[in-house]
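The following exercises are worked on a predicted model. Read each task, try it on the structure, then follow the solution.

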Amino acid sequence: MSSMGALEMSRRSRLLLVGGIVLLVLAGLMAWWQSTEPEALPLSDTQVNASTPVDRPVYLGVFTTGAGFGRTLHVSGVKIRATSNTDVSLTPLLCRGGNIGVTTDPQAFCTELVDPEGQDLQAGDSIVLQVVSDEPAVAVVEPVRIAFRESLRWTTVPAGSSAVIRVLPTQS
């Protein structure tokens with residue numbers, strides 16, 4: 001009977017040892033994963049201000065990669081958080097090879113203007129918001145949050161500038 005007690009003790013010890021090793025490996029993997037999260041994107045303290053008449057889209061650049069950006073980000077989405085006193089349509093776009101401040105004609109500044117989802121964001125590109133409303137409004141937009149993958153690492157981080165957009169009534 002004493003040999004059975006020794007076997008049970010041995011099984012428990014093995015289970016504790018295996019459990020401890022599994023926990024140690026998981027903790028190591030979590031630490032490795034945290035240390036390999038992609039580098040944050042730059043945030044700006046400046047605020048982009050724009051105004052446009054009702055029913056006329058305005059485009060404003062909220063995040064720009066400089067010529068020395070040196071990274072390629074595979075974008076899986078751009079999230080926008082805004083508060084407004086009425087419905088305002090906010091659409092994120094990727095401006096290839098250009099930089100927009102505020103304009104109603106983005107084609108003059110971008111070689112291509114596309115949906116950012118599934119695209120690569122590289123040096124010289126920027127994230128632009130298309131804003132339009134069918135009634136007067138004021139929208140306050142936080143910096144966009146860009147979800148991206150860089151090599152095997154992925155994250156969602158805030159980037160760029162905040163914005164205030166005023167949609168003005170049309171003058172008759």
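**Exercise 1. Place P106 in the chain, decide whether P106 is buried or exposed, and find its separation from Q130.**

Step 1. P106 sits in the loop that runs between strand 6 and strand 7.

Step 2. The relative accessibility of P106 is 1%, and buried means under 20%, so P106 counts as buried.

Step 3. P106 and Q130 are 24 residues apart along the chain, and their C-alpha atoms are separated by 9.5 Å.

**Exercise 2. Work out the strand order of the open sheet and say which strands stand at the edges.**

Step 1. The open sheet is formed by five strands, with antiparallel pairing, in the order 6-2-9-5-7.

Step 2. The edges are strand 6 (102-103) and strand 7 (112-114). Each has a single partner strand, so one side of each has no neighbour in the sheet.

Step 3. Now take the pairs in turn. Strand 2 and strand 6 run antiparallel and are joined by two bridges; here Y59 stands opposite T103.

Step 4. Six bridges pair strand 2 with strand 9 in the antiparallel sense. Y59 has Q130 as its bridge partner in strand 9.

Step 5. Strand 9 (residues 126-132) also pairs with strand 5 (residues 89-96), antiparallel, over seven bridges. In this pair L90 stands opposite V131.

Step 6. What is the burial of strand 2? Six of its seven residues are buried, so strand 2 is largely enclosed by the rest of the structure.

**Exercise 3. Find the disulfide, give its handedness, and decide whether its cysteines are buried or exposed.**

Step 1. A search of the whole structure gives one disulfide. The disulfide joins C95 to C110, with an S to S distance of 1.9 Å.

Step 2. The two cysteines belong to distant parts of the chain: C95 is in strand 5, and C110, 15 residues apart from it, is in the loop between strand 6 and strand 7.

Step 3. The torsion about the S-S bond of C95 and C110 is about -110°, and therefore the disulfide is left-handed.

Step 4. C95 has a relative accessible area of 0% and is buried. C110, at 7%, also counts as buried.

**Exercise 4. Locate T65, decide whether T65 is buried or exposed, and list backbone oxygens that its side chain contacts.**

Step 1. T65 lies in the loop between strand 2 (58-64) and strand 3 (73-79).

Step 2. With a relative accessibility of 3%, T65 counts as buried.

Step 3. The T65 side chain reaches the backbone oxygen of Q122 at 2.7 Å.

Step 4. A polar atom of the T65 side chain also lies 2.8 Å from the backbone oxygen of D125.

**Exercise 5. Identify the residues of the nonpolar surface patch, then place V25 and classify its exposure.**

Step 1. The nonpolar patch on the surface is formed by L17, V18, I21, V22, L23, V25, L26, L29 and W32. Together these residues have about 890 Å² of accessible area.

Step 2. Within the chain, V25 belongs to helix 1 (residues 2-35).

Step 3. The relative accessible area of V25 is 48%. Exposed means over 50% and buried under 20%, so V25 is partly exposed.

Step 4. A patch residue needs over 30% relative accessible area, so the 48% of V25 passes that cut-off.

How values were computed. Residues numbered from 1 in each chain as written. Predicted model: local features only at pLDDT ≥ 70, side-chain atom pairs only at ≥ 80, totals over all residues. Heavy atoms only, no water. Patch = residues over 30% accessible without salt bridge, like charges linked within 9 Å, V, L, I, M, F, W, Y side chains within 5 Å. Areas by Shrake-Rupley, 256 points an atom, 1.4 Å probe, with all protein chains shown as cover. Salt bridge = Lys/Arg side-chain N within 4 Å of Asp/Glu carboxyl O. Helix = DSSP H or I, 4+ residues; strand = E, 2+ residues; numbered from the N terminus. Buried < 20%, exposed > 50% of the residue type's maximum accessible area, 1.4 Å probe, protein only. Pairing = 2+ DSSP bridges. Disulfide = S-S within 2.5 Å. Polar contact = N/O pair within 3.5 Å; in protein donor to acceptor, adjacent residues only side chain to side chain.
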